[in-house]
Amino acid sequence: MDKKEFMIFVNGLRTYYPRENILPSVESVELWFRQLEDIPFKTAETVLHRWVATNRWSPTIADIREGATELTSEPIPDWGEAWGQVMRAVRLYGSYEPEKAYELMGEPTATCVKRIGWNEICFAESIDNVRANFRMIYEAEAKKRKREAQVSPAVRDRIGSAQLKAIDEVIE
């Protein structure tokens, strides 16, 4: 969104929450704009409308980014749906064709299965233990992916640059 659209967004925030001192200075408006400028105006507006309908207090930057991610990203299935994908793949492909099984599963399901091990799942003596482990791994992976999706591309680039710099310093 551009600055003009952002100011429309800010005026909406201020109108919906008149008792709060929202973005009281030019500096605060600029900081918020830098954190939200990658979100399309219509998406931000939709998030705000949904927020106003369900919350008594104004949203934070994180609330807005989370709402925008929910609207624009492919939903991540809950762990039960993901486990269902795994069991279907086991029934269809058994231990012989793990690559085809991974194709049947979505992400992050296949990532979690690979961490546990395809054969460990197929030949498990106690599927309840495997399911419990899968659930823990899957929920952590889904949370990580959701958080990563909320971060703006500019911030992701900065993080990547900082990580590369740290790796270079360790190597030297």
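## Glu 141 and its neighbors

Contact here means heavy atoms within 4.5 Å. With that in hand, take a look at Glu 141 in this predicted model. Leaving aside residues up to four places away in sequence, Glu 141 touches Pro 108, Thr 111, Cys 112 and Arg 115. Glu 141 belongs to helix α9, which covers residues 127-150.

Is Glu 141 buried or exposed? Its relative accessible area is 9%, and because buried means under 20%, Glu 141 counts as buried. Its side chain also has a polar partner: the side chain of Arg 145, at 2.8 Å.

Ala 142 lies in α9 too. Ala 142 has a relative accessibility of 15%, so it is another buried residue. To get a feel for distances, pair Ala 142 with Tyr 17: they are 125 residues apart in sequence, and their C-alpha atoms are 33 Å apart in space.

## A cis bond at Pro 108

Pro 108, one of the residues that Glu 141 touches, comes with a backbone quirk. The peptide bond leading into it from Glu 107 is cis, with omega near 5 degrees. Most peptide bonds are trans, so this one is worth a look on screen. You'll find Pro 108 in the loop between α6 (98-104) and α7 (109-116).

## Two loop residues: Leu 23 and Ser 58

Leu 23 sits in the loop between α1 (3-16) and α2. What is unusual about the phi of Leu 23? It is positive, about 45 degrees, although Leu 23 is not a glycine. For context, most residues other than glycine have a negative phi. Leu 23 is also buried, with 6% relative accessibility.

Ser 58 is in another loop, the one between α3 (41-54) and α4. Its relative accessibility is 18%, so Ser 58 counts as buried, given that the cut-off is under 20%. The side chain of Ser 58 makes a polar contact of 2.5 Å with the side chain of Glu 20. Not counting residues up to four places away in sequence, Ser 58 touches Leu 13, Tyr 17, Glu 20, Ile 22 and Trp 51. Tyr 17 in that list is the residue paired with Ala 142 in the distance given earlier.

## How α1 packs on α2

Two packed helices are described by the angle between their axes and the distance between the axes. For α1 and α2, the angle is about 115 degrees and the axes are 11 Å apart. The two helices are therefore roughly perpendicular to each other, and the crossing is right-handed.

Which residues make the contact? From α1 come Lys 3, Phe 6, Met 7, Phe 9, Leu 13 and Arg 14, and from α2 come Val 29, Glu 30, Trp 32, Phe 33 and Leu 36. Sorted by class, the contact has 8 nonpolar and 3 charged residues, with no polar ones.

## How α2 packs on α4

Helix α2 (residues 26-36) also meets helix α4 (residues 61-72): their axes come within 10 Å and cross at roughly 25 degrees. That angle makes α2 roughly parallel to α4, because angles under 35 degrees count that way. This crossing is right-handed.

On the α2 side, Trp 32, Gln 35 and Leu 36 meet Ile 61, Ile 64 and Arg 65 of α4. The residues of this contact split into 4 nonpolar, 1 polar and 1 charged. Trp 32 and Leu 36 of α2 thus turn up both in the contact with α4 and in the contact with α1.

Definitions and conventions. Residues numbered from 1 in each chain as written. Predicted model: local features only at pLDDT ≥ 70, side-chain atom pairs only at ≥ 80, totals over all residues. Heavy atoms only, no water. Helix = DSSP H or I, 4+ residues; strand = E, 2+ residues; numbered from the N terminus. Buried < 20%, exposed > 50% of the residue type's maximum accessible area, 1.4 Å probe, protein only. Polar contact = N/O pair within 3.5 Å; in protein donor to acceptor, adjacent residues only side chain to side chain. Axes fitted to C-alpha atoms, helices over the stretch in contact; angles between N-to-C directions. Parallel < 35°, antiparallel > 145°, perpendicular 65-115°, else oblique. Left-handed = near helix turned anticlockwise from the far one by under 90°. Nonpolar A, V, L, I, M, F, W, Y, C, P; charged D, E, K, R; others polar.
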